[in-house]
Amino acid sequence: MTKLAINGGTPVRDTYLPYGQQWIEDDDIEEVVKALKSDYLTTGPKIKEFEEKFGKYVGVKYAVAISNGTAALHGASFAAGIKEGDEVITTPITFAASANCILYQGGKPVFADIDSSTYNIDPKDIEEKISSKTKAIVPVDFTGQPVNIDEINAIAKKYNLIVIEDGAHSLGAEYKGKRIGSLVDMTTFSFHPVKHITTGEGGMITTNNKELYEKLKLFRTHGITRDKEILYNKNESSWYYEQLELGYNYRITDIQCALGISQLNKIDKFLRRRREIAEKYNEYLKDIDGIVLPYQEEYIKSSWHLYVIQLELEKFKVGRREIFEALQAENIGVNVHYIPVYYHPYYQKLGYKKGLCPNAEKLYERIITIPLYPKMTDKDVKDVVEALDKVLKYYKR
Ligand SMILES: *Cc1c(COP(=O)(O)O)cnc(C)c1O
């Protein structure tokens, strides 16, 4: 058996392969330079152009570009009217921002457990966790696999709740033939460099609801407006504006939106390559004993933000930690998505106890995210497979 790099052997790769990374080309750079040379660095025409193009792509009436995905979630929580005393149901298997946005508004995150096959929030447990205080649901399309939208919308209708879908992983993903972004009250997206398209930092909220759209626009700019239709004093001159809500400065720049437009032009290429790599993994990894590959519902089309494998720990002499560290030593940038949100000390101090969501907790012990991003070469994919094969065989019982 080949000596593991962690034990002093030669690593599978001599350079480190990250788990995710942007793909920026010369034409993207040219667009950014053009924006820099233009009259507007912020609050200019590129914002609207990006919003319109994005809205058209996901098939929705309104899109609001914002400074990042977390601000998008914050804005959606604001527009949903979440306030002190409200409970909002979300999943623990997500980035902390999906729950933090509820806290920003003074609401209380309530964690519903996941479905052990899709790893997405389980609609049955959402219904279990509903109380008279429940105001909204924040489902997350984990790894790019859309949640069960029909069931979640039916629950929302039955209990009069607002649905904010965290689509940070699911740009371009499809649910029953329709793209994510128009299927619930509001959907949020992130343009962090590891996501499907990037603006450096950036985000978007999409909705078909005009009222929510108006609130989102206010929220992005201090709650301030010059729109005559909603001003209290309509007879003032053109210098006049009013602050109607307590908003923030969550604006995105024209520089970023110029990059976003250029990136969005390549979304088909990015998605095709992500799906191709996922298929290669499905094919190459199915014969390696000791791992569970991602399960996909037949009525969805994933956008494959992440490729998460589950270790069948009973079959190994060591735990997830040793396997993770051995893969890192082989120069494979594995990661873990996610630590259940309520495990974080901040949430523990708020009174959340371990044991809340047993399926999520069990999953967390066993998962590893392997590299997946469109710029990866076929050789990179083979290196990941080789490293997994090498490490898992070595530690096999
Ligand atoms: C990336 C991400 C966010 C936050 O997006 P930022 O743009 O980094 O603020 C929120 N939720 C999920 C699930 C994410 O993956």
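In this predicted model, the ligand occupies the second largest pocket. Two elements each give two or more residues to the shell around the ligand, namely helix 3 (69–79) and helix 4 (97–104). Helix 3 supplies the largest share of that shell, with three residues.

The make-up of the surroundings comes next. Around the ligand there are 16 residues, of which Gly69, Thr70, Asp166, Ser190 and Lys195 come nearest. By residue class, the shell divides into eight polar, six nonpolar and two charged residues.

Several side chains offer polar atoms to the ligand's oxygen atoms, and these may be a handy place to begin when inspecting the site. For Thr70, an N or O atom of the side chain is 2.5 Å from an oxygen atom of the ligand. The side chain of Lys195 likewise places an N or O atom 3.0 Å from a ligand oxygen, while a polar side-chain atom of Tyr338 lies 3.3 Å from an oxygen atom of the ligand. Taken alone, the ligand exposes 380 Å², and the protein buries 92% of that area.

Turning to the strands, the model contains an open sheet of three strands in the order 12-14-15, with antiparallel pairing. Strand 12 (291–292) and strand 15 (367–370) form its edges, each pairing on one side only. Strand 14, spanning residues 307–311, is joined to strand 15 in the antiparallel sense over four bridges. Within this pairing, Gln310 has Ile367 of strand 15 as its bridge partner.

How values were computed. Residues are numbered from 1 along each chain as its sequence is written. This is a predicted model: local features need pLDDT of at least 70, side-chain atom pairs count only at pLDDT 80 or more; totals for chains, interfaces and linings use all residues. Side-chain values use heavy atoms; hydrogens and water are left out. A residue is near a molecule or strand if one of its heavy atoms lies within 4 Å of it. A polar contact is a pair of N or O atoms within 3.5 Å; within protein, one must be able to donate a hydrogen and the other to accept it, and residues adjacent in sequence count only if both atoms are side-chain atoms. Accessible areas come from the Shrake-Rupley method with a 1.4 Å probe; for residues, only the protein chains shown count as cover. On a 1 Å grid over the protein atoms alone, a cavity is a set of points where a 1.4 Å probe fits but cannot get out, and a pocket is an open set with protein on both sides within 12 Å along at least five of seven lines; lining residues have an atom within 4 Å of a point. A molecule sits in a cavity or pocket if more than half of its atoms lie within 2 Å of its grid points. Ala, Val, Leu, Ile, Met, Phe, Trp, Tyr, Cys and Pro count as nonpolar, Asp, Glu, Lys and Arg as charged, and the others, Gly among them, as polar. Two strands pair if DSSP finds at least two bridges between them.
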